[in-house]
Amino acid sequence: MTIPLANISISDIHIGERFRKDYGDMAQFKHSIKTKGLITPIAVGLTDKLKMEGLDSTKPYTLLAGGRRTQACIELKHTTIPLLS
(Lines give C-alpha, C1' and ligand atoms only; values in the text may rest on other atoms or scores of the structure.)
Protein backbone atom coordinates (compact mmCIF):
# COMPACT_ATOMS: atom_id res chain seq x y z
CA MET A 1 0.00 0.00 0.00
CA THR A 2 1.31 3.44 -0.92
CA ILE A 3 0.55 6.27 1.48
CA PRO A 4 0.22 9.63 -0.28
CA LEU A 5 2.47 12.41 0.99
CA ALA A 6 2.09 16.14 0.66
CA ASN A 7 4.68 18.84 1.11
CA ILE A 8 3.93 22.00 3.06
CA SER A 9 5.96 25.11 3.65
CA ILE A 10 7.88 24.99 6.91
CA SER A 11 7.07 28.67 7.37
CA ASP A 12 3.35 27.71 7.61
CA ILE A 13 3.97 25.53 10.68
CA HIS A 14 3.64 26.79 14.24
CA ILE A 15 6.30 24.78 16.05
CA GLY A 16 5.56 26.02 19.56
CA GLU A 17 7.00 24.72 22.81
CA ARG A 18 8.34 21.19 22.39
CA PHE A 19 8.46 18.47 25.06
CA ARG A 20 11.85 17.30 23.84
CA LYS A 21 14.43 20.02 24.54
CA ASP A 22 17.65 18.22 23.52
CA TYR A 23 17.72 16.95 19.94
CA GLY A 24 21.10 15.30 20.44
CA ASP A 25 23.71 15.01 17.70
CA MET A 26 22.00 16.23 14.57
CA ALA A 27 24.95 15.74 12.18
CA GLN A 28 24.30 12.07 11.38
CA PHE A 29 20.55 12.63 11.27
CA LYS A 30 20.92 15.53 8.82
CA HIS A 31 23.30 13.46 6.69
CA SER A 32 20.66 10.71 6.53
CA ILE A 33 18.00 13.21 5.45
CA LYS A 34 20.34 14.62 2.80
CA THR A 35 21.12 11.19 1.35
CA LYS A 36 17.84 9.28 1.85
CA GLY A 37 15.26 11.99 2.36
CA LEU A 38 12.89 12.25 5.29
CA ILE A 39 11.72 8.66 5.80
CA THR A 40 9.04 9.39 8.39
CA PRO A 41 6.84 12.41 7.67
CA ILE A 42 5.82 14.86 10.38
CA ALA A 43 2.33 15.21 11.84
CA VAL A 44 0.52 18.54 11.94
CA GLY A 45 -2.94 19.69 12.87
CA LEU A 46 -4.98 22.58 11.53
CA THR A 47 -4.29 25.33 14.03
CA ASP A 48 -7.84 26.73 13.98
CA LYS A 49 -9.28 23.26 14.75
CA LEU A 50 -6.96 22.42 17.66
CA LYS A 51 -8.03 23.01 21.22
CA MET A 52 -4.67 23.32 22.96
CA GLU A 53 -4.02 25.49 26.00
CA GLY A 54 -1.97 28.56 25.16
CA LEU A 55 -2.14 27.99 21.40
CA ASP A 56 -2.20 31.40 19.76
CA SER A 57 -0.85 31.34 16.24
CA THR A 58 -1.83 32.76 12.88
CA LYS A 59 -0.01 29.97 11.06
CA PRO A 60 -2.35 27.45 9.43
CA TYR A 61 -0.63 24.33 10.82
CA THR A 62 0.64 23.35 14.26
CA LEU A 63 3.33 20.71 14.69
CA LEU A 64 2.06 17.70 16.62
CA ALA A 65 4.95 15.25 16.10
CA GLY A 66 8.34 15.57 14.45
CA GLY A 67 10.17 18.40 16.20
CA ARG A 68 13.61 16.89 15.60
CA ARG A 69 12.81 16.15 11.96
CA THR A 70 11.52 19.68 11.45
CA GLN A 71 14.57 21.22 13.13
CA ALA A 72 16.90 19.13 10.96
CA CYS A 73 15.10 20.29 7.81
CA ILE A 74 15.30 23.91 8.99
CA GLU A 75 19.05 23.54 9.56
CA LEU A 76 19.38 21.98 6.09
CA LYS A 77 17.65 25.09 4.67
CA HIS A 78 14.66 23.12 3.35
CA THR A 79 11.64 25.27 2.64
CA THR A 80 9.11 22.44 2.56
CA ILE A 81 8.63 19.25 4.56
CA PRO A 82 6.59 16.10 3.83
CA LEU A 83 3.57 15.08 5.87
CA LEU A 84 0.89 12.47 5.48
CA SER A 85 -2.06 13.77 3.50
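Visitor: Is K34 buried or exposed?
Guide: This is a predicted model, and K34 is a residue of helix α1. Its relative accessible area is 60%. The exposed class starts over 50%. So K34 counts as exposed.

Visitor: How far apart in space are K34 and V44?
Guide: Along the sequence, K34 and V44 are 10 residues apart. In space, the distance is taken from C-alpha to C-alpha. That distance is 22 Å.

Visitor: Which backbone nitrogen does a side-chain oxygen of D25 reach at the start of helix α1?
Guide: Helix α1 covers residues 26-36. At its start, a side-chain oxygen of D25 comes to within 3.1 Å of a backbone nitrogen. That nitrogen belongs to A27.

Visitor: Which residue follows α1, and what is its phi?
Guide: The residue after α1 is G37. Its phi is positive. The value is near 85°.

Visitor: Which residue forms a salt bridge with K30?
Guide: Side chains of opposite charge can pair when their charged atoms come close. A salt bridge needs the nitrogen and the carboxyl oxygen within 4 Å. For K30 and its partner, the closest N and O atoms are 2.9 Å apart. The partner is E75.

Visitor: How many residues apart are K30 and E75?
Guide: The pair links distant parts of the chain. K30 sits in helix α1, while E75 sits in helix α2, residues 67-75. Their separation is 45 residues.

Visitor: How many salt bridges does the count come to?
Guide: The pair of K30 and E75 forms a salt bridge. The count for the model comes to 1.

Visitor: Is E75 buried, partly exposed or exposed?
Guide: E75 has 33% relative accessibility. Buried means under 20%, and exposed means over 50%. The value for E75 lies in between, so E75 is partly exposed.

Visitor: Which residue lies over the face of F29?
Guide: To sit over a ring, a charge must be within 6 Å of the ring centre. Here the distance from the ring centre of F29 is 4.3 Å. The residue is R68.

Visitor: What is the order of the strands in the open sheet?
Guide: The sheet has 3 strands, with mixed pairing. β2 (13-14) and β3 (43-46) stand at the edges, because each has a single partner strand. The order is β2-β4-β3.

Visitor: Do β3 and β4 run parallel or antiparallel?
Guide: Strand β4 covers residues 61-65. It is joined to β3 by 4 bridges. In this pairing, A43 stands opposite A65. The two strands run antiparallel.

Visitor: Which residue of β4 is the bridge partner of H14?
Guide: β2 and β4 are joined by 2 bridges and run parallel. In β4, the partner of H14 is T62.

Visitor: Is T62 buried or exposed?
Guide: T62 lies in strand β4. Leaving out residues up to four places away in sequence, it touches several others, among them I13, V44, L50 and M52. Its relative accessible area is 2%, and the cut-off for the buried class is under 20%. So T62 is buried.

Visitor: How far apart are the C-alpha atoms of R18 and G67?
Guide: R18 is in the loop between β2 and α1, and at 18% relative accessibility it counts as buried. Its contacts include Y23, L63 and G67. Along the chain, R18 and G67 are 49 residues apart. Their C-alpha atoms are separated by 7.0 Å.

Visitor: Which backbone oxygen does the side chain of R18 reach?
Guide: The side chain of R18 makes this approach at 3.5 Å. The oxygen belongs to I15.

Visitor: Which elements do the buried residues of α2 pack against?
Guide: In α2, the buried residues are G67, R69, T70, A72 and C73. They pack against one helix and two strands: α1, β4 and β5 (80-84).

Visitor: What phi does K77 have?
Guide: K77 comes just after α2, in the loop between α2 and β5. At 69% relative accessibility, K77 counts as exposed. K77 is not a glycine, yet its phi is positive. The value is about 70°.

Methods. Residues are numbered from 1 along each chain as its sequence is written. This is a predicted model: local features need pLDDT of at least 70, side-chain atom pairs count only at pLDDT 80 or more; totals for chains, interfaces and linings use all residues. Side-chain values use heavy atoms; hydrogens and water are left out. A polar contact is a pair of N or O atoms within 3.5 Å; within protein, one must be able to donate a hydrogen and the other to accept it, and residues adjacent in sequence count only if both atoms are side-chain atoms. A salt bridge is a side-chain nitrogen of Lys or Arg within 4 Å of a carboxyl oxygen of Asp or Glu. Buried means under 20% relative accessible area, exposed over 50%, partly exposed in between (1.4 Å probe, protein chains only). Two strands pair if DSSP finds at least two bridges between them. A charge sits over a ring if NZ of Lys or CZ of Arg is within 6 Å of the ring centre and within 35 degrees of the ring normal. Contact means heavy atoms within 4.5 Å.
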